[in-house]
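Subject: Structure handover

Hello,

Here is the structure you will be working with. Please look through it before you read the notes underneath.

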Amino acid sequence: MRNKTARTYLTTRNLFIVSIAVAVLTVVAVWLLGLGRHSTLFENSLLSTTILSAAFFLFLSIGLYKGVKLKDNLGRITDRIKLDKLSDLSGKIELPGEIPDAGEGLGGIILGILGWILVAILLLIFIWVFGAVMWVAILSFAAMLYWIFFRALRLVFRHSYQCRHNLSASMTYALAYTLLYNCWIYGIILAAHYLVH
């Protein structure tokens, strides 16, 4: 006899990885197909968002119907970002105001070459610092997305006890949360299209 009180648990790590993979594959597939059909950016964006919204709706409907609960096995992702490992270069780089004229002759050529080497080194340091700042921004953005994603799904799956083995309730909650979480994306796409045209 089947135990009706047994719960199905999804781990947040697996859920997050699968969600990112599905989103990336969907967007890439739509864009590649869109390039073949010469679709516009607006059409590709709407199609990608619609496919992802339908997948999200199906996932929520099935999860609510089966009584799924989320189990956090990833913890706070912001605790995993080690910002102190990135060295602080602020105040250590001083750019010269003006490079003095080296003059002509062999001394001028040597000073010119040394000047270009110095500028190249300074540019490399700038690119390295910019790259470090970009990584911090990307990791912080990923942490925010993960937190929003996890909190949103926990909010949805709080209703799983009401929706377990109840298809109409599962689909109603899934539709409501899909509209709630995805309508703003359509709003941004339509507003951008309206502003451009």
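The notes below go from the whole protein to one helix and then to one residue.

Please keep in mind that this is a predicted model. The protein contains five helices and two strands. Along the sequence they come in the pattern β-α-α-β-α-α-α. Of the 197 residues in the protein, 24% are buried. The accessible surface is about 14,400 Å², and 72% of it belongs to carbon and sulfur atoms. As for contacts between residues at least 6 apart in sequence, 83% of them join residues at least 24 apart.

Next, helix H2. This helix covers residues 41-66, which makes 26 residues. At 1.5 Å a residue it should span 38 Å, and its end C-alpha atoms are 37 Å apart, so the two values agree. The buried residues of H2 include Asn44, Ser45, Ser48, Thr49, Phe56, Phe57, Leu60 and Leu64. When you look at that list, it helps to know that an α-helix has 3.6 residues a turn, so residues three or four places apart point the same way. After H2 comes Gly67, which has a positive phi, near 75°.

Last, Val24. This residue lies in helix H1, residues 12-37. Is Val24 buried or exposed? Neither label fits: its relative accessible area is 47%, and because buried means under 20% and exposed over 50%, Val24 counts as partly exposed. Val24 and Ser48 are 24 residues apart along the chain, and their C-alpha atoms are separated by 9.9 Å. Ser48 is one of the buried residues of H2.

Regards

Key:
Residues are numbered from 1 along each chain as its sequence is written. This is a predicted model: local features need pLDDT of at least 70, side-chain atom pairs count only at pLDDT 80 or more; totals for chains, interfaces and linings use all residues. Side-chain values use heavy atoms; hydrogens and water are left out. Helices (H or I, at least four residues) and strands (E, at least two) are DSSP runs, numbered from the N terminus. The expected span of a helix is 1.5 Å times one less than its number of residues. Buried means under 20% relative accessible area, exposed over 50%, partly exposed in between (1.4 Å probe, protein chains only). Contact means heavy atoms within 4.5 Å. Accessible areas come from the Shrake-Rupley method with a 1.4 Å probe; for residues, only the protein chains shown count as cover.
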